[in-house]
Amino acid sequence: MKRLSCPFCGSRELEEFLFHKTLPEPGSDAYAAVYERVNRLDDSHEYWQHVHGCRAWLYVRRNPSTGEVHETVLLGGSTP
Amino acid sequence: MYAWRLHADRITPSQLAPRSEARAHQPAGALMRGPSPRYSAWSLLRARFAGPGFWQPLWHGARLKDAYDVVIVGAGGHGLATAFHLARDHGVKRIAVLEKRLVGYGNVGRNTTIVRSNYLLPENHYFYEDALRRWETLSSDLNYNVMYSPRGVIDFALSDGDMVDLARRGNALRLAGIDAELLDREAVLRFAPELDAGGPRRFDIVGGLLQPRGGSVRHDAVAWGYARAATALGVDIIEDCEVTGLRSAAGVATGVETSRGYVKAERVVFAVAGHTGQFGQMLGMNLPIETHLLQAMVTEPIKPLISTVLVYVHAHGEAYVLQSDRGGVVMGGFLDGFPSYTREGQWYRMEDVVQTAVALLPQLAGLRILRHWAGTNDMTMDGSFIIDRMRYDNVFVNGGWCYGGFKAIPASGAACATLVATGTAPDLIRAHTLSRFRTGHLLDERGGGPFPVRL
């Protein structure tokens, strides 16, 4: 994994993005949403931000064992 | 302007807290049996006349049995140390250490070999001080030279504000009876003359906090030494044996499923640095752990240049630099910044570490990087480790070591073995429970909240 694709800016170097956190499981209580992490080998749902670019918040789904990015979606907007 | 000096000078030896838990010094060599001859000058002499075949493998193909008192998952530093202490201190007879790949193949062979105990919080600095005291005598305890080298660890301050921070940490350490010295600029340059004092710097060195007993330990030797000592005490080390599941009945774990079949176990310990999250998932729990990559690299060997361990941790760059006994300059830095199991380090972090190291020591600029690697770190949501029961009364987790796994190994093994053998956590790890995140008793060394990465 070397690059992420921003819906506005296109494929950019990973260094431009800041990982925020993994998404809690649906239906988590407040404790689980803040402290627990879904830590799977093959699938990770995450919030990122394009901090050194357009500053858009992104939802990213990827495989943390291979680095393959499955999906990058603009948060609060429609899928580009 | 120099208020920090007053605070640092106010501590006197009579104010020091009593030393943390004294331990019984008991060399393992005396207890050893089995194939490995005890190393001594006498054994060298005997080997000279005994001919080939005198030296035995440090550990060798134990056969997996059907049932054990304790099954430890993971033959890294923590798993092997726990096995060693269970066998030596608590007389547990039937112990197996199951390893997916090879002994010492994970993080115990991937770290930057630094040992120190200069943590701010009492729960952490007493624990790491226990570890440091054990490092001091580990070579004789294991009858194996782990090359402990107390060459000193310096954290650098670049401003008066940094000095206030370091003085606060140093005072916390000295109140606990742990060695810490606040150095001004001249003292730093006297202690580490390899630093470039005259050159232009954007951020000049104002001072530093030195822990003289901190330093470095040969990491592979730690895994090998513990494996040898544990084998001699009758522990079965089974390599190439992956644990794939846990069986339970009536709310009690009964054994583990492995790639070599089912193994019954009275107690199970998970010491699976970097993969603790998966075993949480296996037990149906989401743990407060994210798995990140941390990189390290080593240059080509050069003549002795760096006399100490230089730790430069600031917002604009982070690097810790030391020279191995082989002569290579070992460097590490910050996490890559996002969860990953690829063990594929990001270029930007490597660049950041090298730039910072060269800013600190411009004479490194001509060197070539010989090797570069990454390891998976269990990052907990407060930056401190977890040794506790997990889900079942007879299942234990030893993990979440963040950046502090290697330096903790001897204390972790002893404390975890006590918890597993007696069922009661010793004082040193009483705060490091899994439930502390729920009850709000966090051990947040950094004061950063529930995020492993905040840049």
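**Legends for a predicted two-chain model**

**View 1. Contacts along chain A.** In chain A, 43% of the contacts with a separation of 6 or more are between residues 24 or more positions apart. Keep in mind as you look that this is a predicted model.

**View 2. The elements of chain A.** Which elements does chain A have? You can find one helix and six strands here. Follow the sequence and they come in the order β-β-β-α-β-β-β, with the helix between the third strand and the fourth.

**View 3. The dimensions of chain A.** Measure along the principal axes, and the C-alpha atoms of chain A fill a box of roughly 35 × 25 × 20 Å. A compact globule of 80 residues would have a radius of gyration near 12 Å, so the 13 Å of chain A agrees with that. As for burial, 22% of the 80 residues in chain A are buried.

**View 4. The elements of chain B.** How many helices and strands does chain B have? Count along the chain and you will reach eleven helices and 18 strands.

**View 5. The dimensions of chain B.** Here the C-alpha trace of chain B spans about 65 × 60 × 50 Å along its principal axes. For 455 residues, a compact globule would have a radius of gyration near 23 Å, so the 22 Å of chain B agrees.

**View 6. Burial and contacts in chain B.** What share of the 455 residues of chain B counts as buried? The share is 51%. Now turn to the contacts of chain B between residues at least 6 apart in sequence: 76% of them join residues at least 24 apart.

Terms used
Residues are numbered from 1 along each chain as its sequence is written. Chains are lettered from A and ligands numbered from 1 in the order in which they are written. This is a predicted model: local features need pLDDT of at least 70, side-chain atom pairs count only at pLDDT 80 or more; totals for chains, interfaces and linings use all residues. Helices (H or I, at least four residues) and strands (E, at least two) are DSSP runs, numbered from the N terminus. The radius of gyration is taken over C-alpha atoms; the globule rule is 2.2 Å times the number of residues to the power 0.38. A residue is buried if 20 or more other C-beta atoms lie within 10 Å of its own, exposed if 12 or fewer, and partly exposed in between; C-beta atoms are placed from the backbone. Two residues are in contact if their C-beta atoms, placed from the backbone, lie within 7 Å.
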